[in-house]
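Me: Please take a close look at how charge is arranged on this chain. Which charged side chains group together, which pair up, and what surrounds them?

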Amino acid sequence: GPEDAEIYILGEAPGAKEDQEGQAFVGPSGKLMWSDIFARAHIWRKDCRVANVYWERPPGNDFKKLEDDHEYWEDTKEDIVAHPRKFIIAVGEKALQFLTGQVGITSWRGSILRDIPIEVNGNLTFVTVLPMVHPAAVLRQFSLLVLCRHDARRAQRLLATPSLAPPSLEILQFAEALRRHGDSEEAVYNEYMDTLDAYMGA
């Protein structure tokens, strides 16, 4: 996906179809995700950067055989840190655990987890994570589909929400004056005005 995509979709590992084609989420669960879950929320693959925690299929689909190989993790972390975006959708248990250290995707799904630190090679970035049940689980338990659709709509609303602007000079000056003088309203006001006038060249 594009390097400047605002949404980063992180899955767990390639399945059989993904392993054949060398792309994430192109098998049955991926088709469900793109054609139904995300399509209903107007989230399109061409607008997302898509990756997996593990870049190769686990032998016998057994994640335990890969859990001690952190080379995959470092590659994924490097990609996340190198291309910051608005938020990451963590699709499945392994993606949630990789990004946040938490377990229990059904408990965390739909949450908006902010300021999650990702560090690699001394470079640090903070990301917002929205966990979602893996669509492969929906194929096994169809009642989960409504939860995935809800979480996708929440992701779309999160995307549409403008980032908060940094605090204005006035707010910063007032906060500093308040820190210095506590509950002395007159002293707070006087220092605030003095520093603001000096900054503005009055």
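Reply: A patch joins residues with over 30% relative accessible area and no salt bridge: like charges within 9 Å, nonpolar side chains (Val, Leu, Ile, Met, Phe, Trp, Tyr) within 5 Å. Areas are Shrake-Rupley values with a 1.4 Å probe, only the protein chains shown counting as cover for residues. Lys and Arg count as positive, Asp and Glu as negative, and His and the chain ends are not counted; a charge is placed at NZ of Lys, CZ of Arg, CG of Asp or CD of Glu. This is a predicted model, in which local features need pLDDT of at least 70 and side-chain atom pairs pLDDT 80 or more, while totals for chains, interfaces and linings use all residues. Residues are numbered from 1 along each chain, and side-chain values use heavy atoms, without hydrogens and water.

The positive patch consists of Arg 114, Arg 153, Arg 154 and Arg 157. Helix 7, residues 145-160, supplies the largest share of this patch, with three residues. Helices (H or I, at least four residues) and strands (E, at least two) are DSSP runs numbered from the N terminus. Arg 154 is one of the patch residues and sits in helix 7. Its relative accessible area is 31%, so Arg 154 is classed as partly exposed; buried is under 20%, exposed over 50%, and partly exposed lies in between (1.4 Å probe, protein chains only).

Helix 7 also contains Leu 158. This leucine is counted as buried because its relative accessibility is 10%. Its C-alpha atom is 8.4 Å from that of Phe 87, a residue 71 positions away along the chain. A further helix 7 residue, Arg 149, takes part in a salt bridge and is discussed below.

Where do opposite charges pair? A salt bridge puts a side-chain nitrogen of Lys or Arg within 4 Å of a carboxyl oxygen of Asp or Glu. The structure has six of them.

One is local. Lys 17 and Glu 21 are joined at 3.2 Å, N to O. Both belong to helix 1, residues 16-21, and are four residues apart, about one turn of the helix. An α-helix has 3.6 residues a turn, so residues three or four places apart point the same way. Lys 17 is partly exposed because its relative accessibility is 34%, and Glu 21, at 41%, is partly exposed as well.

Two others span the sequence. Asp 36 pairs with Arg 149, with 2.9 Å between the closest N and O atoms. Asp 36 is in helix 2 (residues 28-37) and Arg 149 in helix 7, so this salt bridge ties together parts 113 residues apart in sequence. The two ends fall into separate classes of burial: Asp 36 is buried at 15% relative accessibility, while Arg 149 is partly exposed at 21%.

The other is between Arg 49 and Asp 79, whose closest N and O atoms are 2.8 Å apart. Arg 49 is in strand 2 (residues 48-52) and Asp 79 in helix 3 (residues 71-82), so the pair links parts 30 residues apart in sequence. Both Arg 49 and Asp 79 are buried. As for shared partners, Asp 36, Arg 40 and Arg 149 are joined by salt bridges into one network.

Strand 2, the element of Arg 49, also holds Cys 48. Cys 48 counts as buried because its relative accessibility is 1%. The C-alpha atoms of Cys 48 and Ala 5 are 5.3 Å apart, though 43 residues separate the two along the chain.

The remaining patch residue to place is Arg 114, whose number falls within strand 4, residues 113-120. Strand 4 runs antiparallel to strand 5 and is joined to it by six bridges; strands pair if DSSP finds at least two bridges between them. In strand 5, Thr 125 stands opposite Ile 118. The two strands form a hairpin with two residues between them, and Asn 121 in the turn has a positive phi of about 55°. Strand 5 (residues 123-132) has seven of its 10 residues buried, so the rest of the structure largely encloses it. Strand 5 also pairs with strand 3, residues 87-91, in the parallel sense over four bridges. There, Leu 130 in strand 5 is the bridge partner of Ile 89.

Helix 4 (residues 93-100) has six of its eight residues buried, so it too is largely enclosed by the rest of the structure. Among the buried residues of helix 4 is a charged one, Lys 94. Gly 101 follows helix 4, with a positive phi near 80°.
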